[in-house]
Amino acid sequence: MACAQATSVREARPVKMVVLGDSLSAGFGLSGTAAFPARLQKALQSKGMEVDIINAGVSGDTTSGGRDRLDWSVPKGTEAVILELGANDALRGVDPKVTRSALTDILTRLKARGIAVLLCGMVAPPNYGSDYAARFNAIYPDLAASFGVPLYPFFLEGVAAEARFNQADGLHPTAEGIDVIVKNILPTVEAFLGKVTAQRS
């Protein structure tokens with residue numbers, strides 16, 4: 001009986017999650033309550049999934065920047081990370097080798113800490129050419145396969161290049177755009193969290 005009670009308590013305990021990202025998750029130009037982590041938490045709770053999400057998005061951050069601040073951005077006790085980095089690498093034309101190396105380091109270090117990861121893919125803009133785009137876009141599915149982590153192929157699915165869902169700069173989602181992102185990614189996050197809670201020991 002005591003064992004069954006302990007199990008139910010473990011499952012009821014909110015999952016501690018961090019969204020490690022850039023301005024897209026930080027909520028550039030939006031109120032904190034309209035940012036992706038807050039809207040995602042609200043959507044998950046409406047589905048009966050208890051989760052405490054920390055917004056560790058830093059505007060302008062690259063994958064290398066995320067790696068450099070990983071230890072303090074993902075505190076002790078974190079069970080899950082949504083990794084949303086790479087948009088600024090692509091915008092700046094960073095060598096895909098550098099991006100791949102930084103994401104590899106992040107995934108390796110999170111795995112060593114026993115933290116589950118949902119990797120969010122990014123797509124390179126067309127202005128650097130098809131060769132660059134092919135090398136950059138392959139990073140995410142390659143790493144998801146090699147590390148055995150779930151992949152959400154394109155974080156901005158349904159929002160990128162849709163003027164009505166983006167701020168005046170054409171790069172950052174509006175509050176409505178964030179809601180589209182949350183709606184699209186929600187089934188993937190639900191499945192991810194289901195595995196995290198099932199693996200609690």
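Reader: Which residues of helix α9 are exposed, on the other side from its buried ones?

Author: The model is predicted: local features need pLDDT of at least 70, side-chain atom pairs count only at pLDDT 80 or more, and totals for chains, interfaces and linings use all residues. Numbering starts from 1 along each chain as its sequence is written, and side-chain values use heavy atoms, with hydrogens and water left out. Buried stands for under 20% relative accessible area, exposed for over 50% and partly exposed for anything in between (1.4 Å probe, protein chains only). On the other side of α9, the exposed residues are Ala145 and Ser146.

Reader: What arc do the buried residues of α9 cover around the axis?

Author: Helices (H or I, at least four residues) and strands (E, at least two) are DSSP runs, numbered from the N terminus, and an arc is that of the directions from the helix axis to the C-beta atoms. In α9, residues 139–147, the buried ones are Ile139, Tyr140, Leu143, Ala144 and Phe147. They are on the same side of α9 because the arc they cover around the axis is only 120°.

Reader: Which elements do the buried residues of α9 pack against?

Author: Contact is taken as heavy atoms within 4.5 Å. The partners of the buried residues of α9 are α7 (96–112), β4 (116–120), α8 (130–137) and β5 (151–152).

Reader: Which residues of α8 are exposed, on the face turned away from its buried side?

Author: Tyr132, Ala133 and Phe136 are the buried residues of α8. They line one face of the helix, since they fall within an arc of 95° seen down the axis of α8. Their cover includes α6 (87–92), α7 and α9. The face of α8 turned away from the buried side carries the exposed residues Ser130 and Asp131.

Reader: Are α8 and α9 roughly parallel or roughly antiparallel?

Author: Axes are lines fitted to C-alpha atoms, for helices over the stretch in contact, with angles running from 0 to 180 degrees between N-to-C directions. Angles under 35 degrees count as roughly parallel, over 145 as roughly antiparallel, 65 to 115 as roughly perpendicular and the rest as oblique. The axes of α8 and α9 cross at roughly 20° and come within 5 Å. That makes the two helices roughly parallel.

Reader: How do the residues of the contact of α8 with α9 divide into nonpolar, polar and charged?

Author: Arg135, Phe136 and Asn137 of α8 make this contact with Ile139, Tyr140 and Pro141 of α9. Ala, Val, Leu, Ile, Met, Phe, Trp, Tyr, Cys and Pro count as nonpolar, Asp, Glu, Lys and Arg as charged, and the others, Gly among them, as polar. The residues of the contact divide into 4 nonpolar, 1 polar and 1 charged.

Reader: How many residues apart in sequence are the parts tied together by the pair of Phe36 and Phe155?

Author: Rings of Phe, Tyr and Trp (its six-membered ring) pair if their centres lie within 6.5 Å; planes under 30 degrees apart count as stacked, over 60 as edge-to-face and the rest as tilted. The count by this rule is 4 aromatic pairs. The pair of Phe36 and Phe155 is edge-to-face, because the ring centres are 5.0 Å apart and the planes are at 80°. Phe36 lies in helix α3 (residues 36–46) and Phe155 in the loop between β5 and α10 (175–198), so the pair ties together parts whose separation in sequence is 119 residues.

Reader: Is Phe36 buried or exposed, and what is its relative accessible area?

Author: At 0% relative accessibility, Phe155 counts as buried. Phe36 is also buried, and its relative accessible area is 0%.

Reader: Which residues form one aromatic cluster?

Author: The aromatic pair of Tyr128 and Tyr132 is tilted, with 5.3 Å centre to centre and 45° between the planes. Tyr128 is partly exposed at a relative accessible area of 36%, whereas Tyr132 counts as buried at 8%. The residues that form one cluster are Tyr128, Tyr132, Phe136 and Tyr140.

Reader: What is the phi of Ala161?

Author: Most residues other than glycine have a negative phi. Ala161 is found in the loop between β5 and α10 and is exposed, with a relative accessible area of 80%. Its phi is positive, in a residue other than glycine, with a value near 70°.

Reader: Which residues is Leu110 in contact with, leaving aside its neighbours within four places in sequence?

Author: Leu110 lies in helix α7 and counts as buried at 0% relative accessibility. Neighbours within four places in sequence aside, its contacts are Leu70, Val74, Val81, Ile115 and Val117.
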